[in-house]
Amino acid sequence: MSDTLDKTLKGGEFLIKEIPANEIFTLEELSEEQKMLRDSAKEFIDREVIPHHDRFEKKDYALTEETMRKLGEMGLLGITVPEEYGGLGMGFVSTMLACDYVSGGNGSLATAYGAHTGIGTLPTLLYGSEELKKKYLPDLATGTKFGAYCLTEPDAGSDANSGKTRAKLSEDGKHYIINGQKMWISNAGFADTFTLFAKIDDDKNITGFVINRSELEDPNSLTFGEEEHKLGIRSSSTRQVFFNDMKIPVENMLGERNNGFKIALNALNVGRIKLAAANLDGQRRILNHSIQYSNERKQFGVSISTFGAIRKKLAEMATGVFVSEAGSYRLAKNVEDKIEELVSGGMNHQQAELKGVEEFAVEASILKVFVSDLTQVTADEGIQIYGGMGFSEDTPMEAAWRDARIGRIYEGTNEINRLLAVGMLIKKAMKGELDLLSPAMAISKELMGIPSFEVPDYSELMSEEKAILANLKKVFLMVSGAALQKYMMDIEKQQHLLLNASEILNQIYMAESAVLRAEKHFSADSVEVAMAQLNLYKAIEKIVSAAKEGIVSFAEGDEQRMMLSGLRRFTKYTNHPNVVGLTEKVAAHFIAKGHY
């Protein structure tokens, strides 16, 4: 592996390069402007959202709309929109930061905010003509109007291109006439600006359009179903949308005809990164409630935070937050750097943002899966710490658990994203954009050789952890390379194996993010280093399980024995960590502090 990076990292390249700690960005490095943005968003949520928990849970859609308008007045809806279109024009890290701290107080507001600032705004920003951007973006950036994104249909979910909504050119050639229906449309009840997708005539692919509800010639050509009754995010407006001979001016097409599927995918790539950010402050708040409750709740004459079973939960929850933050902000800066590099090379900002996000589509799917999965676990453990009270609507845990559940479904289900991450990685390799073949072949030769019995010098901070990470990357290349060699182009049909490969991939990226964050900013005796070490130990266990399941399923005889031997070699410690000791260190720190 190379010890140096190119000017900016390529998507997926973390698998074949040694990433120095000084090349990643972390929350510890926020600028003063970014800290002010974070503090402003957090103060707003604490003042305007947290006290109204009951109203949000009782389907007060008007409160969600009112709160969104206030966010618009603060500029928090236009973080990513360039100044010439009424926004703040801030970078990708700041976009993530705003999403992080706006989204933590309530799942309904988080959904409304994410749908508006992400998929409700980005298609116009990234694919709209200059006229469309000038017309629609200023109102979206300031909250004068809200956006909704109409893609999903009753028979077209993950397979968005199979939608039945149709567009037909009017006789005078000035409008497209839209007929069809969409479902699960966030913000539909109070949105005015609708991004929608339809097939023109018998086209193979969908095409994107944007229109304001208020500018329709016939207001009745756009109608809505009743509000959906949902498990969680209860004050997030979610309705079916019906198009009945709805006329859209031809100039309101986004991008080119037949290009809607690409627009949808790229908007969702950004959405996936931001969905990870949208879960972060929720995790922090769940953890903080759990710490405070466990310190206050007495059983057998002592606080339940003194019990080892509770301390273990708190330590693992805190570790999860640390790891989630590390991966999310690492990727945010990678995307920001790529965008800046492309702009400095002469590309316009619109194209640069498209290419920058598209470059890291693999990592976007990794983050979406890892963080949304972990948020559900964190909420579940929060309920468990509260015990019977956690099951009651009188405590925050019950709503947090319900709201967390949707994260694993929207922006592409976690199963789809797991398959996507590995599939996109394979495609990058096949296109020659990423050389996975050479290191995979080198690993095959290494397995045939005699292993070194020399004891390495691991005296430097995180040196053993980084050596293990390098070996874990070999595990991924060994398993996925052998599976690809066996199944070739049929690998896409082997979803079980792809899911195993994805688990390995996800654990590597997130564990490396945590290790590098800890190495860059903290001392050997810090709780942050303890969390990075604890997470790596758990990650190895998950990687061993996923890799072994794959190996014994597709390899036989000598090949199987060699790969299992390689798995043992690549996942072993020279110095095993004291897992209970690390857990206790993390728990003691946050229990004493009283919050994350």
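**Exercise 1. Which residue of β5 does Ala-198 stand opposite?** Place the answer in the pairing of strand β4.

The model is predicted, so local features require pLDDT of at least 70 and side-chain atom pairs count only at pLDDT 80 or more, whereas totals for chains, interfaces and linings use all residues. Residues are numbered from 1 along each chain as its sequence is written, and side-chain values use heavy atoms, with hydrogens and water left out.

Step 1. Ala-198 stands opposite Thr-207 in β5. Helices (H or I, at least four residues) and strands (E, at least two) are DSSP runs numbered from the N terminus, and two strands pair if DSSP finds at least two bridges between them.

Step 2. Strand β5 (residues 207-212) is joined to β4 by 6 bridges, and the two run antiparallel; in their hairpin, with 6 residues between the strands, Asp-201 has a positive phi near 55 degrees.

Step 3. With β1 the pairing of β4 is parallel, over 4 bridges, and Gly-147 is placed opposite Thr-193 in β4. Strand β2 (residues 166-169) also pairs with β4 in the parallel sense, over 2 bridges, and there Ala-167 is found opposite Ile-200.

**Exercise 2. Determine how strand β4 is covered, and classify two aromatic pairs.**

Step 1. Buried means under 20% relative accessible area, exposed over 50%, and partly exposed in between (1.4 Å probe, protein chains only). By this criterion 8 of the 8 residues of β4 are buried, with Thr-193, Thr-195, Phe-197 and Lys-199 on one side and Phe-194, Leu-196, Ala-198 and Ile-200 on the other.

Step 2. Rings of Phe, Tyr and Trp (its six-membered ring) pair if their centres lie within 6.5 Å; planes under 30 degrees apart count as stacked, over 60 as edge-to-face, and the rest as tilted. This rule gives 8 aromatic pairs.

Step 3. Because the ring planes of Phe-146 and Phe-190 stand at 90 degrees, with centres 5.3 Å apart, that pair is edge-to-face. Phe-146 lies in the loop between α7 (130-142) and β1 (147-150), and Phe-190 in the loop between β3 (175-186) and β4 (193-200), 44 residues apart; both are buried.

Step 4. Phe-194 and Phe-224 make a tilted pair, at 5.8 Å centre to centre and 40 degrees between the planes. This pair connects strand β4 with strand β6 (residues 222-224) across 30 residues, and both of its members are buried.

**Exercise 3. Describe the packing of α11 against α16, and the surroundings of Ile-366.**

Step 1. Axes are lines fitted to C-alpha atoms, for helices over the stretch in contact, and angles run from 0 to 180 degrees between N-to-C directions. The axes of α11 (residues 361-386) and α16 (residues 495-521) come within 10 Å and cross at roughly 90 degrees.

Step 2. The two helices are therefore roughly perpendicular, given that angles under 35 degrees count as roughly parallel, over 145 as roughly antiparallel, 65 to 115 as roughly perpendicular and the rest as oblique.

Step 3. Ile-366 belongs to helix α11, and it counts as buried because its relative accessibility is 0%. Contact means heavy atoms within 4.5 Å; beyond neighbours within four places in sequence, Ile-366 touches Phe-14, Ala-421, Leu-505, Asn-506, Tyr-509 and Met-510.

Step 4. From Ile-366 to Asn-414 the C-alpha to C-alpha separation is 9.2 Å, although the two are 48 residues apart in sequence.
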